[in-house]
Amino acid sequence: MDHHEHEALQSEAVPSTVTYEPHYGGFWIRVCAYLFDLLVIAALNGLLIEPAFRLAGIELTGGMFSPINIATGIVFFAYFVLMTKILGQTLGKMIFGLRVVALPSEKLSWVTVLFRELIGRYLHIAITFFSLPVFLFLYGVVAFTPKKQGIHDLLAETTVIHERTVIAGKPEKATYLQS
């Protein structure tokens, strides 16, 4: 080995280790996914629930606890619970490349999904039914938490991540070969 080869080996850096963090789904992309999900739910209700009620001769109007409102509420909650548990994402999240994950394991249990999608979403709707500012606050915390978590995410220990991207952290200090 000549002198130049020896110098090259001494100064050759061993590749540094780069850490990767999830790319958390922010407020606006989650709003867009949610709005798309509301369109899907409206379509399901319009294609399945309302025609079934008409065929059965059940009135489509009424108060908060009318049969039509109960049925469409069941569709709303079932959509979020089943899609999130089975696929880890709703159709809206699929379109925008988002996925719900549990912290710290990423695997969603039934208890986690039910707590996040049923209890958490119900509380959001019940609390914000008459107040837009409260609604904006409860969902707006997504913009200000480090892992972009809403109140329902914080309670259920979940977050929403981008499926196809990660954030590269700072590489660890490179070490050098000694010979």
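In the predicted model, a network of salt bridges links R30, R116, E117 and D153. Within this network, the side chains of D153 and R30 meet in a salt bridge with an N to O distance of 2.6 Å. Because D153 belongs to helix 7 (residues 151-156) and R30 to helix 2, this pair ties together parts of the chain that are 123 residues apart in sequence. Both partners, D153 and R30, are buried. D153 also forms a salt bridge with R116, for which the closest N and O atoms are 2.7 Å apart. Here R116 lies in helix 5 and D153 in helix 7, so that the contact ties together parts separated by 37 residues in sequence. R116 is buried, as is D153.

The count of salt bridges in the model comes to four. One of them lies in the strands, where the side chains of R99 and E163 meet at 2.7 Å, N to O. Since R99 is located in strand 2 and E163 in strand 3, this pair ties together parts that are 64 residues apart in sequence. R99 has a relative accessible area of 26% and is therefore classed as partly exposed, a class that lies between the limits of 20% for buried and 50% for exposed residues. E163, with a relative accessible area of 34%, is likewise partly exposed.

The strands that carry R99 and E163 belong to an open sheet of three strands, which are arranged in the order 1-3-2 with antiparallel pairing. The edge positions are taken by strand 1 (20-24) and strand 2 (98-102), each of which pairs on one side only. On average, and with direction ignored, neighbouring strands of this sheet are turned by 60° against each other. Strand 1 pairs with strand 3 (residues 158-168) in the antiparallel sense over four bridges, and P22 stands opposite V166 of strand 3. The pairing of strand 2 with strand 3, also antiparallel, extends over five bridges, and A102 stands opposite T158 of strand 3. Strand 2, although it is an edge strand, is mostly covered, with four of its five residues buried.

With regard to the fold as a whole, the secondary structure of the protein comprises seven helices and three strands. Along the sequence, these elements follow the pattern α-β-α-α-α-β-α-α-α-β. Of the 179 residues of the protein, 33% count as buried. When contacts between residues at least 6 apart in sequence are considered, 72% of them join residues that are at least 24 apart. A separation in sequence of this kind is also found for L38 and G92, which are 54 residues apart along the chain and whose C-alpha atoms are separated by 8.7 Å. L38 is placed in helix 2 (residues 27-56) and is partly exposed, its relative accessible area being 32%.

Turning to the surface, the protein exposes about 11400 Å², and carbon and sulfur atoms supply 70% of this area. A nonpolar patch on the surface is formed by L82, I86, L87, W110, L114, F115, L118, I119, Y122, L123 and L155, which together have about 1000 Å² of accessible area. Two elements, helix 3 (67-87) and helix 5 (110-128), give two or more residues each to this patch. The largest share, seven residues, comes from helix 5, the helix in which R116 of the salt-bridge network also lies. I119, one of the residues of the patch, has its place in helix 5. With a relative accessible area of 40%, I119 is partly exposed, and since residues enter a patch only when this value is over 30%, I119 meets the accessibility requirement for inclusion. Helix 5 therefore carries both the buried R116 and the partly exposed I119.

Methods. Residues numbered from 1 in each chain as written. Predicted model: local features only at pLDDT ≥ 70, side-chain atom pairs only at ≥ 80, totals over all residues. Heavy atoms only, no water. Patch = residues over 30% accessible without salt bridge, like charges linked within 9 Å, V, L, I, M, F, W, Y side chains within 5 Å. Areas by Shrake-Rupley, 256 points an atom, 1.4 Å probe, with all protein chains shown as cover. Buried < 20%, exposed > 50% of the residue type's maximum accessible area, 1.4 Å probe, protein only. Pairing = 2+ DSSP bridges. Axes fitted to C-alpha atoms, helices over the stretch in contact; angles between N-to-C directions. Contact = heavy atoms within 4.5 Å.
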